[in-house]
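The following exercises are to be worked with the sequence and the structure at hand. Each task is followed by a solution in steps.

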Amino acid sequence: MGVTECNYIAMREFRRRVAVGPKPRSWLPKLAVTVIFLLPILLISPKTYITLTISGLAMGMLLFLVSSGFSLIFGFLSVLNLAHGALFAWGAYIGFTAFSFIDKWTGWGGSNLIFSNILIFLLALVAAGIGVAILGVVTERLVIRPVYGSHLFQIFITVGAMTVMEELIRIIWGPNDEPMPVPLSFIGSWDIFDVVVSKYPLIVIVIGLILYLIVYTILRRTRLGMIVRAGVENPEMVQVMGHNIYRYFTGVFAAGSALAAIGGGMWATFVKSIHPAMGGEVIVFALVVAIIGGLGSMTGSMVGALMVGLSYNYVAYLVPKGALGITMLLLVIILSIRPTGLFPEGT
Amino acid sequence: MSKENLNPVQTFRLREKEDRFRNPYFFLRILLLAFFLVTPFLFRSFEILDVVLKIIIFSALVASYDVILGYTGIVSLGHVLYFGIGCYFVGVFMGKLGWTSYSHLTLAFLMAIVISGILSVLIGLFSLRIRAIFFAMVTLAFMEFTFILSSQLRSITGGEDGISFKLPGILAIDFSYGKFLGIEFTGRLISYYFILILSFILFLLMLRFVHSPVGRVLQSIRDNEQRSIALGYRTYLFQVIASSFASCVAAVTGGCFAMWVRYVSPDSSLSVSIMLDVLLMVIVGGMGTLYGGIFGAAFLMVTRAFLPKLQVLIASLLPGVPFAIRLSERWLFYFGLLFIIIVYFFPKGIVGTAQEIIARRKDEDK
Amino acid sequence: MEADPVAEPVLKVEGIHTFIGKHHILQGVSFDVYPGKVTVLLGRNGAGKTTTLRSIMGLLSTSQGTILFQNQAIHHMKSFEIARLGIGFVPEDRGLFNLLTVEENFRVAMLQEDEGSHQRLEFILDIFPDLKRFWKAKAGVLSGGQKQMLAIARPLVNRNELLLIDEPSKGLAPIAIEHLIEAILRLKEHTMIILVEQNFYMASRLGDDFHLFDDGRTVHKGQMEELVQNEELKKRYLGISST
């Protein structure tokens, strides 16, 4: 090799190294999302496209809330929590109870004032988040701690926990479906340039984005988040540096559970009903989203969730029975190209 | 093959074969088989016969799951998919298509086996190379997907309502041959024996598979995959073989189940709750012991049949408050608690822990 | 050679046994570590050196024996508690957070982000200037030698009395090893070091005291200068023969 070639290679190597980290084929997620966003334009009329996109984004946000908790718990604690769906359901039920309770005393749910509607809605979600966070902490201490380190036993024991939690819902609230109350001003839609834009999905999107930004900021800009990110990569080393990682485990578990709970509350308002088995229905989607996005990655959950939400809605319109198929197809395609999911652990 | 020229491995295996009949467990198993054979004569109640046969069918299913979980070390959460395929082939052939003859029944079984085998090979090729827990989740997702698919394709699968059907000839309910030893030889009875014999054969097949050279390689893969690869085994290939064998067995058990209940629907053959049941049976019975499946299945079926009765009893004792009534009604709740306790205290399953205790006692005696 | 005044050992390891699963790895390991010295643990692969470090750090539990640090029993304490007492650990695989930047790696290592830690950081970057250059880069892009520097530098942001370093020379080019030796020699003045090393040259340059490991036991100890001369010991326990 001549001198000039050596220099060239050395330059490239230096430039590569000074850049912010190697990212294998980082164009893939962007390409995937773009394709999913744009392809349907060819097939659907613009107005319907906008409506579908909004509901797709909303569904995506809800899926993000559920799967991000699962993904983070798996990434940080290396725990497979199959009871996550049950936490989702509990969030919906606590939200339901909180809403009904507050409404009975203040009537904010049925009022016309947007402000009171928003207030009661947020309070119900906060109640759900806190309640399930507590439930999550209890679950982590009692059920998860004994099985750290063995994914197989985590599967076993969390399945048992899921059964218990679901049955507890049936015991406390009864086994039947209940209609979920929706704040008055959230119902309905606006007509913008002949396009029907439902109000509630927009609210879901906004809240979802806010929560994503909160989580993102905590992870990226705070010391706590930094330690969590370090722990996703190497929990042992974090211990060795003097941080009680078990406290962080519990905290992350609580946070992940709270996210799922908020997702549950908003999902219930979206479909306007709650039933005890709703956890089981959503867990599969959450799993698929988490796998597609990459376990342990917040951004991955968001991107994966949006992909699944959007594709589901578009295909449901075009080929009604094929909606589920497209989700599975996405899973197969993404795993074939990148077996670890779109975003590797910890990003 | 003279005794002097055998290498150590062959000597060991030869001795193992000879010891087989002196093993005390062997007689226990013969006893169990005898019990299953005479059950219809011991218990005249149909309900008990139903429970016993379900134990038999699910023992075979759980054993097939144990082949991949306990012996090969693959965690699949979608094994019941193949069970469902077996159910549906029988159901669709007999019911929807109205092909009621013995040869059609056989064809249904054969097709179920073939499709299950191919499907598991495809899924294996695709997902066994990704991380183990991914595989678990992907298989779960596939099973859920098929569940929803079968609920939606009404024209083929009868949708959520499912398909009811009749069995041909001597297996049909209304067939009667006359009395023998005090009981009537109905189609039900004949189906019972047919399924019993079929399950027995399946069990023998699985035992043979697990103790064969292939089976031993699988165990070595389970224990230390890196080592097996270093020894030159294409672990991946073996895992796919084990997976397809287990899925074919599961398909046959599915067919048997459909035959017995003469009904197939997504809930009864493809639901996640069946998969959970299998998990439960495996954990109670113990992994890596095919016979544990029998114990686990027995445990689950008996409690399933027995607990609701217990619950009615308790409900009659408690006050009429809705909460209290529901507390007693949801026996599944206590079941879940019991399950968690079992996983916590008996990680090797009841059978596995028992084996361990016995082995430890033997060590102490020495 | 002036003999050092007899000082109290800061770390006392006495007769520890450690099991990993069924395997009885450590079958009686004892040694003391004195202030101001670099203590080197030598021995063949699998002799139990890494296991000893991990046992001290609380990552493995000892079934027998005691470990005293500043006369406090630490063998039943949890790793993070042990770290807070002032013991730093640099594992064999370096334990870097590759997805975090060099800066974040240091910040995670700090027990508290205070004045003292930042002053120590200034000092460290003086010894390891390369790390300053790559301050905002992800740790994963550093070269092998730089990664090792980061791994050793990290625990120093805390007031660590004792540093456990496991095979730092692994996979490094000779010149990187030289840099490493110089850096560790500068560190010696500020903190006690227990070094596990296969590279005898490095061990001999850095070590003051040595302990030989064989089959999970400590079998020999002494001053480093003696070991360098002792061909028989070197051959028997380390498989080194100077021809």
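**Exercise 1. Determine which residues Ser228(B) contacts beyond its neighbours within four places in sequence, and whether Ser228(B) is buried or exposed.**

Solution. Beyond those neighbours, Ser228(B) is in contact with Val217(B), Ser220(B), Ile221(B), Tyr233(B) and Thr235(B); contact requires C-beta atoms, placed from the backbone, within 7 Å. The model is a predicted one, in which local features need pLDDT of at least 70 and side-chain atom pairs count only at pLDDT 80 or more, while totals for chains, interfaces and linings use all residues. Residues are numbered from 1 along each chain as its sequence is written, and chains are lettered from A and ligands numbered from 1 in the order in which they are written.

Next, locate the residue: Ser228(B) belongs to helix H10 of chain B, residues 225-230. Helices (H or I, at least four residues) and strands (E, at least two) are DSSP runs, numbered from the N terminus.

Finally, Ser228(B) counts as partly exposed because it has 19 C-beta neighbours inside 10 Å. A residue is buried with 20 or more other C-beta atoms within 10 Å of its own, exposed with 12 or fewer, and partly exposed in between.

**Exercise 2. Describe the side of chain B that touches chain A.**

Solution. Begin with the totals: 30 residues of chain B are in contact with 30 residues of chain A. On chain B, two or more residues come from each of helix H6 (132-152), helix H13 (272-285), helix H15 (322-329) and helix H16 (331-345). The largest share, eleven residues, is given by H6(B). By class, this side has 24 nonpolar, two polar and four charged residues. Here Ala, Val, Leu, Ile, Met, Phe, Trp, Tyr, Cys and Pro count as nonpolar, Asp, Glu, Lys and Arg as charged, and the others, Gly among them, as polar.

**Exercise 3. State the strand order of the open sheet formed by four strands in chain C, and identify its edges.**

Solution. The order is E2-E1-E4-E5, with antiparallel pairing; strands pair if DSSP finds at least two bridges between them. Strand E2 (23-33) and strand E5 (72-73) of chain C are the edges, each pairing on one side only. Strand E1 (residues 11-20) of chain C joins E2(C) over eight bridges. Within this pair, Ile16(C) stands opposite Val29(C).

**Exercise 4. What part of chain C is buried?**

Solution. Buried residues account for 42% of the 243 residues in chain C. The secondary structure of chain C comprises ten helices and ten strands.

Conventions:
Two residues are in contact if their C-beta atoms, placed from the backbone, lie within 7 Å.
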